[in-house]
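Grab your viewer and work through these short exercises. Each one comes with a worked solution, so try it yourself before reading on.

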Amino acid sequence: MGAIDYSIYLVTGRELLPPGKDYLQHLEESLQGGVTVVQIREKHAETAEFIRIAAKSKAICDKYNVPMLINDRVDVAVAVNAHGVHLGQDDMTVFQARSMLPRDAIIGVSCNNVDHVKRAIKDSADYVGIGAVWATQTKQLTNPVIGPRGVGAMLELLDGTTIKAVAIGGIKSSNLLRTLHGAVSPTNRALDGVAVVSEIAASPEPRQAAEKLSRLFKSFRIRH
Ligand code: TZP
Ligand code: MG
(Lines give C-alpha, C1' and ligand atoms only; values in the text may rest on other atoms or scores of the structure.)
(Ligands and ions follow the chains in the order given, each with its own letter.)
Protein backbone atom coordinates (compact mmCIF):
# COMPACT_ATOMS: atom_id res chain seq x y z
CA MET A 1 0.00 0.00 0.00
CA GLY A 2 1.41 3.40 -0.97
CA ALA A 3 0.82 6.74 0.72
CA ILE A 4 -2.32 6.81 2.85
CA ASP A 5 -5.22 9.05 1.92
CA TYR A 6 -6.37 10.42 5.28
CA SER A 7 -9.15 12.57 3.87
CA ILE A 8 -12.22 10.67 5.09
CA TYR A 9 -11.16 8.86 8.23
CA LEU A 10 -13.86 6.69 9.80
CA VAL A 11 -13.56 5.77 13.47
CA THR A 12 -16.02 2.95 14.11
CA GLY A 13 -18.79 3.21 16.68
CA ARG A 14 -20.77 -0.03 16.75
CA GLU A 15 -22.91 1.17 19.66
CA LEU A 16 -24.21 4.05 17.52
CA LEU A 17 -25.51 1.89 14.63
CA PRO A 18 -29.15 2.55 13.78
CA PRO A 19 -31.38 -0.29 15.06
CA GLY A 20 -31.47 -3.33 12.79
CA LYS A 21 -28.30 -2.35 10.91
CA ASP A 22 -25.57 -4.97 10.60
CA TYR A 23 -22.15 -3.59 11.55
CA LEU A 24 -20.19 -5.20 8.71
CA GLN A 25 -22.76 -4.29 6.08
CA HIS A 26 -22.73 -0.72 7.41
CA LEU A 27 -18.93 -0.60 7.26
CA GLU A 28 -18.96 -1.88 3.68
CA GLU A 29 -21.49 0.77 2.62
CA SER A 30 -19.37 3.51 4.19
CA LEU A 31 -16.37 2.27 2.18
CA GLN A 32 -18.47 2.35 -0.98
CA GLY A 33 -19.27 5.97 -0.14
CA GLY A 34 -15.60 6.96 -0.11
CA VAL A 35 -14.14 6.37 3.36
CA THR A 36 -10.36 6.35 2.83
CA VAL A 37 -9.07 4.99 6.16
CA VAL A 38 -10.76 3.07 8.99
CA GLN A 39 -9.89 2.92 12.67
CA ILE A 40 -11.53 0.13 14.65
CA ARG A 41 -12.45 1.56 18.04
CA GLU A 42 -13.88 -0.86 20.61
CA LYS A 43 -13.91 0.56 24.11
CA HIS A 44 -15.91 -2.27 25.69
CA ALA A 45 -15.18 -5.48 23.77
CA GLU A 46 -13.04 -8.12 25.43
CA THR A 47 -9.84 -9.06 23.67
CA ALA A 48 -11.07 -12.14 21.78
CA GLU A 49 -14.19 -10.29 20.64
CA PHE A 50 -12.11 -7.25 19.58
CA ILE A 51 -9.89 -9.54 17.49
CA ARG A 52 -12.89 -11.23 15.87
CA ILE A 53 -14.47 -7.88 14.96
CA ALA A 54 -11.16 -6.48 13.70
CA ALA A 55 -10.45 -9.55 11.55
CA LYS A 56 -13.86 -9.38 9.89
CA SER A 57 -13.51 -5.63 9.38
CA LYS A 58 -10.06 -6.11 7.86
CA ALA A 59 -11.42 -8.49 5.21
CA ILE A 60 -13.88 -5.79 4.13
CA CYS A 61 -11.33 -2.95 4.20
CA ASP A 62 -8.93 -5.09 2.15
CA LYS A 63 -11.62 -5.59 -0.48
CA TYR A 64 -11.70 -1.79 -0.95
CA ASN A 65 -7.94 -1.41 -0.54
CA VAL A 66 -8.49 0.87 2.45
CA PRO A 67 -6.00 0.76 5.34
CA MET A 68 -7.32 -0.30 8.73
CA LEU A 69 -5.90 0.84 12.05
CA ILE A 70 -6.66 -0.37 15.57
CA ASN A 71 -7.45 1.96 18.46
CA ASP A 72 -5.23 1.52 21.53
CA ARG A 73 -4.44 -2.17 21.22
CA VAL A 74 -1.17 -3.08 19.56
CA ASP A 75 -1.75 -6.76 20.38
CA VAL A 76 -5.01 -6.70 18.41
CA ALA A 77 -3.27 -4.94 15.51
CA VAL A 78 -0.63 -7.67 15.42
CA ALA A 79 -3.24 -10.43 15.67
CA VAL A 80 -5.16 -9.25 12.59
CA ASN A 81 -2.21 -7.85 10.64
CA ALA A 82 -3.70 -4.34 10.69
CA HIS A 83 -1.92 -1.49 8.92
CA GLY A 84 -1.24 0.19 12.21
CA VAL A 85 -2.53 1.62 15.46
CA HIS A 86 -3.95 4.80 16.88
CA LEU A 87 -2.61 5.64 20.33
CA GLY A 88 -4.09 7.93 22.98
CA GLN A 89 -2.02 9.93 25.42
CA ASP A 90 -2.55 7.20 28.05
CA ASP A 91 -1.53 4.32 25.78
CA MET A 92 1.99 3.02 25.14
CA THR A 93 4.49 5.28 23.41
CA VAL A 94 5.08 5.42 19.66
CA PHE A 95 8.50 3.88 20.22
CA GLN A 96 7.05 0.98 22.20
CA ALA A 97 4.38 0.34 19.59
CA ARG A 98 6.94 0.46 16.74
CA SER A 99 9.01 -2.19 18.44
CA MET A 100 6.05 -4.57 18.33
CA LEU A 101 4.78 -3.83 14.83
CA PRO A 102 6.07 -4.40 11.28
CA ARG A 103 8.53 -1.82 10.00
CA ASP A 104 5.99 -0.08 7.76
CA ALA A 105 3.18 0.12 10.34
CA ILE A 106 1.24 3.38 10.58
CA ILE A 107 1.17 4.94 14.04
CA GLY A 108 -1.08 7.82 14.91
CA VAL A 109 -1.40 9.74 18.16
CA SER A 110 -4.27 11.69 19.71
CA CYS A 111 -3.25 15.29 20.42
CA ASN A 112 -5.18 17.84 22.42
CA ASN A 113 -2.55 20.54 22.76
CA VAL A 114 0.70 21.91 21.37
CA ASP A 115 2.84 19.82 23.72
CA HIS A 116 1.20 16.62 22.51
CA VAL A 117 1.98 17.59 18.91
CA LYS A 118 5.61 18.40 19.75
CA ARG A 119 5.94 15.02 21.44
CA ALA A 120 4.38 13.24 18.42
CA ILE A 121 6.91 14.98 16.15
CA LYS A 122 9.83 13.96 18.41
CA ASP A 123 8.52 10.40 18.45
CA SER A 124 8.14 10.29 14.64
CA ALA A 125 4.47 9.44 14.63
CA ASP A 126 3.02 9.01 11.14
CA TYR A 127 0.03 11.20 11.83
CA VAL A 128 -1.70 13.12 14.59
CA GLY A 129 -5.41 13.13 15.40
CA ILE A 130 -6.16 16.60 16.76
CA GLY A 131 -9.28 17.05 18.88
CA ALA A 132 -11.79 17.54 19.98
CA VAL A 133 -12.26 20.36 17.48
CA TRP A 134 -15.97 20.73 18.33
CA ALA A 135 -18.21 19.46 21.13
CA THR A 136 -19.26 15.84 20.73
CA GLN A 137 -21.76 13.41 22.23
CA THR A 138 -19.64 10.43 21.28
CA LYS A 139 -16.90 10.74 23.86
CA GLN A 140 -16.74 12.20 27.34
CA LEU A 141 -14.24 15.02 26.89
CA THR A 142 -11.80 15.83 29.67
CA ASN A 143 -10.33 18.89 27.94
CA PRO A 144 -11.90 21.99 26.40
CA VAL A 145 -12.68 21.88 22.69
CA ILE A 146 -9.95 23.31 20.50
CA GLY A 147 -11.88 24.99 17.69
CA PRO A 148 -10.58 25.22 14.11
CA ARG A 149 -8.16 28.07 14.76
CA GLY A 150 -6.58 26.14 17.60
CA VAL A 151 -6.17 23.20 15.24
CA GLY A 152 -4.53 25.52 12.69
CA ALA A 153 -2.01 26.68 15.29
CA MET A 154 -1.05 23.05 15.90
CA LEU A 155 -0.76 22.34 12.17
CA GLU A 156 1.89 25.04 11.90
CA LEU A 157 4.16 22.92 14.10
CA LEU A 158 4.08 20.19 11.48
CA ASP A 159 5.69 22.38 8.81
CA GLY A 160 8.89 20.76 7.62
CA THR A 161 7.83 17.30 8.78
CA THR A 162 6.13 14.47 6.87
CA ILE A 163 3.57 13.99 9.64
CA LYS A 164 -0.03 14.08 8.50
CA ALA A 165 -2.93 15.53 10.49
CA VAL A 166 -6.62 14.88 10.87
CA ALA A 167 -9.07 16.65 13.14
CA ILE A 168 -11.74 14.85 15.17
CA GLY A 169 -14.73 15.70 17.32
CA GLY A 170 -18.16 16.87 16.26
CA ILE A 171 -17.30 17.03 12.57
CA LYS A 172 -20.38 16.80 10.33
CA SER A 173 -21.02 17.52 6.67
CA SER A 174 -22.80 20.65 7.94
CA ASN A 175 -19.62 22.11 9.48
CA LEU A 176 -16.96 20.42 7.36
CA LEU A 177 -16.01 23.37 5.17
CA ARG A 178 -16.02 25.71 8.14
CA THR A 179 -13.75 23.28 9.96
CA LEU A 180 -11.33 22.85 7.06
CA HIS A 181 -11.06 26.54 6.15
CA GLY A 182 -10.87 27.61 9.80
CA ALA A 183 -8.07 25.15 10.53
CA VAL A 184 -5.68 26.36 7.81
CA SER A 185 -2.52 27.42 9.65
CA PRO A 186 -0.99 30.92 9.40
CA THR A 187 1.65 29.19 7.24
CA ASN A 188 -1.10 27.86 4.93
CA ARG A 189 -0.92 24.25 6.03
CA ALA A 190 -4.27 22.48 5.85
CA LEU A 191 -5.68 19.33 7.41
CA ASP A 192 -4.99 16.10 5.53
CA GLY A 193 -8.30 14.69 6.59
CA VAL A 194 -11.22 14.65 8.95
CA ALA A 195 -12.09 11.86 11.36
CA VAL A 196 -15.70 11.15 12.18
CA VAL A 197 -17.60 8.67 14.30
CA SER A 198 -21.29 9.52 14.56
CA GLU A 199 -21.67 11.33 11.23
CA ILE A 200 -21.20 7.96 9.53
CA ALA A 201 -21.68 5.35 12.29
CA ALA A 202 -25.10 6.65 13.37
CA SER A 203 -26.32 7.23 9.82
CA PRO A 204 -29.02 4.97 8.36
CA GLU A 205 -27.38 5.73 5.00
CA PRO A 206 -23.61 5.48 5.60
CA ARG A 207 -22.82 5.43 1.91
CA GLN A 208 -24.52 8.77 1.32
CA ALA A 209 -23.00 10.18 4.52
CA ALA A 210 -19.50 9.26 3.37
CA GLU A 211 -20.14 10.49 -0.16
CA LYS A 212 -21.23 13.87 1.14
CA LEU A 213 -18.10 14.28 3.29
CA SER A 214 -15.94 13.11 0.40
CA ARG A 215 -17.50 15.54 -2.04
CA LEU A 216 -17.07 18.45 0.37
CA PHE A 217 -13.49 17.52 1.17
CA LYS A 218 -12.63 17.43 -2.54
CA SER A 219 -14.20 20.84 -3.08
CA PHE A 220 -12.02 22.21 -0.27
CA ARG A 221 -8.89 20.65 -1.81
CA ILE A 222 -9.62 22.24 -5.16
CA ARG A 223 -10.03 25.68 -3.64
CA HIS A 224 -7.23 25.46 -1.11
N1 TZP B 1 -11.67 11.68 20.21
C2 TZP B 1 -11.87 12.99 20.34
S3 TZP B 1 -13.48 13.41 19.98
C4 TZP B 1 -13.88 11.79 19.63
C5 TZP B 1 -12.77 11.00 19.81
C6 TZP B 1 -12.73 9.54 19.62
C7 TZP B 1 -15.24 11.37 19.22
C8 TZP B 1 -15.67 11.94 17.93
O9 TZP B 1 -16.94 11.47 17.59
P10 TZP B 1 -17.94 12.29 16.66
O11 TZP B 1 -19.20 11.46 16.70
O12 TZP B 1 -17.36 12.32 15.28
O13 TZP B 1 -18.12 13.63 17.28
MG1 MG C 1 -6.73 5.34 23.36
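**Exercise 1.** Work out which elements cover the buried residues of H1.

*Solution.* Keep in mind that this is a predicted model. Start with the helix itself: H1 spans residues 23-32, and its buried residues are His26, Leu27, Glu29, Ser30 and Leu31. Next, look at what sits over them: the cover includes strand E1 (8-11) and the helices H2 (47-63), H8 (198-201) and H9 (206-223). Finally, step just past the end of H1, where glycine 34 takes a positive phi of about 115°.

**Exercise 2.** Describe how H1 and H9 pack, and decide whether they are roughly parallel or not.

*Solution.* Two numbers get you going, since packed helices are described by the angle between their axes and the distance between the axes. For H1 and H9, the angle is about 30° and the axes are 7 Å apart. Angles under 35 degrees count as roughly parallel, so H1 and H9 are roughly parallel to each other. Now add the handedness: the crossing of H1 and H9 is right-handed. On the H1 side, the contact is made by His26, Glu29, Ser30 and Gln32, while H9 brings Pro206, Arg207 and Ala210. Sort those residues by class and you get 2 nonpolar, 3 polar and 2 charged.

**Exercise 3.** Find how many residues surround ligand 1, and sort them by class.

*Solution.* The count comes to 14 residues, and the closest are Thr136, Thr138, Gly169, Val197 and Ser198. By class, the shell around ligand 1 splits into 6 nonpolar, 6 polar and 2 charged residues.

**Exercise 4.** Say where the cis peptide bond that leads from glycine 131 to alanine 132 sits.

*Solution.* First check the torsion: omega of the bond from glycine 131 to alanine 132 is near 0°, hence cis. Then place it: alanine 132 belongs to the loop between strand E6 (127-131) and helix H6 (147-156).

**Exercise 5.** Take asparagine 81 and asparagine 188, each with a positive phi. Are they buried or exposed?

*Solution.* Take asparagine 81 to begin with. Its phi is about 55°, although it is not a glycine, and it lies in the loop between helix H3 (74-80) and strand E4 (84-87). Asparagine 81 has 12 other C-beta atoms within 10 Å; the cut-off for exposed is 12 or fewer, so asparagine 81 is exposed. Then do asparagine 188, with phi near 75°, in the loop between helix H7 (176-182) and strand E8 (193-196). Asparagine 188 has 11 other C-beta atoms within 10 Å, so it is exposed.

Notes:
Residues numbered from 1 in each chain as written. Chains lettered and ligands numbered in written order. Predicted model: local features only at pLDDT ≥ 70, side-chain atom pairs only at ≥ 80, totals over all residues. Buried ≥ 20, exposed ≤ 12 C-beta atoms within 10 Å, placed from the backbone. Helix = DSSP H or I, 4+ residues; strand = E, 2+ residues; numbered from the N terminus. Contact = placed C-beta atoms within 7 Å. Near = placed C-beta within 6 Å. Nonpolar A, V, L, I, M, F, W, Y, C, P; charged D, E, K, R; others polar. Axes fitted to C-alpha atoms, helices over the stretch in contact; angles between N-to-C directions. Parallel < 35°, antiparallel > 145°, perpendicular 65-115°, else oblique. Left-handed = near helix turned anticlockwise from the far one by under 90°.
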